[in-house]
Amino acid sequence: TGGGGTTYVAVRDAVGIPTYARPAHPATVVDTTGAGDCFNAGFISEIIRGNSAENALDFAMMAGGLATETMGARKSAPNRDTVLNRLHQQGITYDT
């Protein structure tokens with residue numbers, strides 16, 4: 001992560017190592033427990049689904065942010081539909 005709530009990811013591909021940056025999404029923070037786990041799981045799951053690193057980063061940022069809005073780690077982990085709905089609500093185009 002970088003200053004001001006920006007997250008960067010670099011992914012090696014056939015051309016080189018492009019870097020993508022995304023700002024943090026607004027969230028009503030209650031508890032940050034599990035947010036990093038949800039970010040990591042969100043990013044990896046979207047890469048496994050065949051999505052681009054850019055899309056996976058958008059998804060992961062939203063998953064991590066949503067995880068902060070509920071108390072506790074297990075209860076706060078959002079499912080895929082919840083993440084996609086919030087991306088849509090915030091006007092973020094996401095190719096599923």
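**Exercise 1. A glycine in a loop**

Where is G16 found? Place this residue, then decide how open it is to solvent.

*Solution.* We are working with a predicted model. Start with the strands: β1 covers 6–10 and β2 covers 19–23, and G16 is found in the loop between them. Next, take the relative accessible area of G16, which is 26%. Buried would need a value under 20% and exposed one over 50%, so G16 counts as partly exposed. Finally, look back along the chain to G5: the two residues are 11 apart in sequence, and their C-alpha atoms are 26 Å apart in space.

**Exercise 2. A second residue of that loop**

Is R12 buried or exposed? Find its place and a C-alpha distance to go with it.

*Solution.* R12 is also found in the loop between β1 and β2. Its relative accessible area is 69%. Since exposed means over 50%, R12 is exposed. Now compare sequence with space: R12 and A53 are 41 residues apart along the chain, with 10.0 Å from C-alpha to C-alpha.

**Exercise 3. How α1 packs on α2**

At what angle do the axes of α1 and α2 cross? Work out their relative direction and describe the contact.

*Solution.* Helix α1 takes in residues 35–48 and helix α2 residues 53–67. Their axes come within 7 Å and cross at roughly 150°. Angles over 145 degrees count as roughly antiparallel, and therefore α1 and α2 are roughly antiparallel to each other. The crossing of α1 past α2 is right-handed. Now for the residues: on the α1 side, the contact includes F39, F43 and I47, and on the α2 side L57, F59 and M61 are among those met. Sorted by class, this contact has 13 nonpolar, 3 polar and 1 charged residues.

**Exercise 4. α2 and its other partner**

How many of the residues of α2 are buried? Check the length of this helix too, then see how α4 meets it.

*Solution.* Of the 15 residues in α2, 14 are buried, which leaves the helix mostly covered. From first C-alpha to last, α2 reaches 21 Å, close to the 21 Å expected at 1.5 Å a residue. Turn to helix α4, residues 80–89: its axis and that of α2 come within 9 Å and cross at roughly 105°. That makes α2 roughly perpendicular to α4. In this contact, D58, F59, M62, A63 and L66 of α2 meet R80, T82, V83, L84, R86 and L87 of α4. The class count here is 7 nonpolar, 1 polar and 3 charged residues.

**Exercise 5. A glycine before α1**

Which residues does G34 touch, leaving out those up to four places away in sequence? Describe the setting of G34 as well.

*Solution.* G34 lies in the loop between β2 and α1. With a relative accessible area of 15%, G34 is buried. The residues it touches are A67 and A73. For A73, the C-alpha separation from G34 is 4.8 Å, although the two are 39 residues apart along the chain.

How values were computed. Residues numbered from 1 in each chain as written. Predicted model: local features only at pLDDT ≥ 70, side-chain atom pairs only at ≥ 80, totals over all residues. Heavy atoms only, no water. Axes fitted to C-alpha atoms, helices over the stretch in contact; angles between N-to-C directions. Helix = DSSP H or I, 4+ residues; strand = E, 2+ residues; numbered from the N terminus. Parallel < 35°, antiparallel > 145°, perpendicular 65-115°, else oblique. Left-handed = near helix turned anticlockwise from the far one by under 90°. Contact = heavy atoms within 4.5 Å. Nonpolar A, V, L, I, M, F, W, Y, C, P; charged D, E, K, R; others polar. Expected span 1.5 Å × (residues − 1). Buried < 20%, exposed > 50% of the residue type's maximum accessible area, 1.4 Å probe, protein only.
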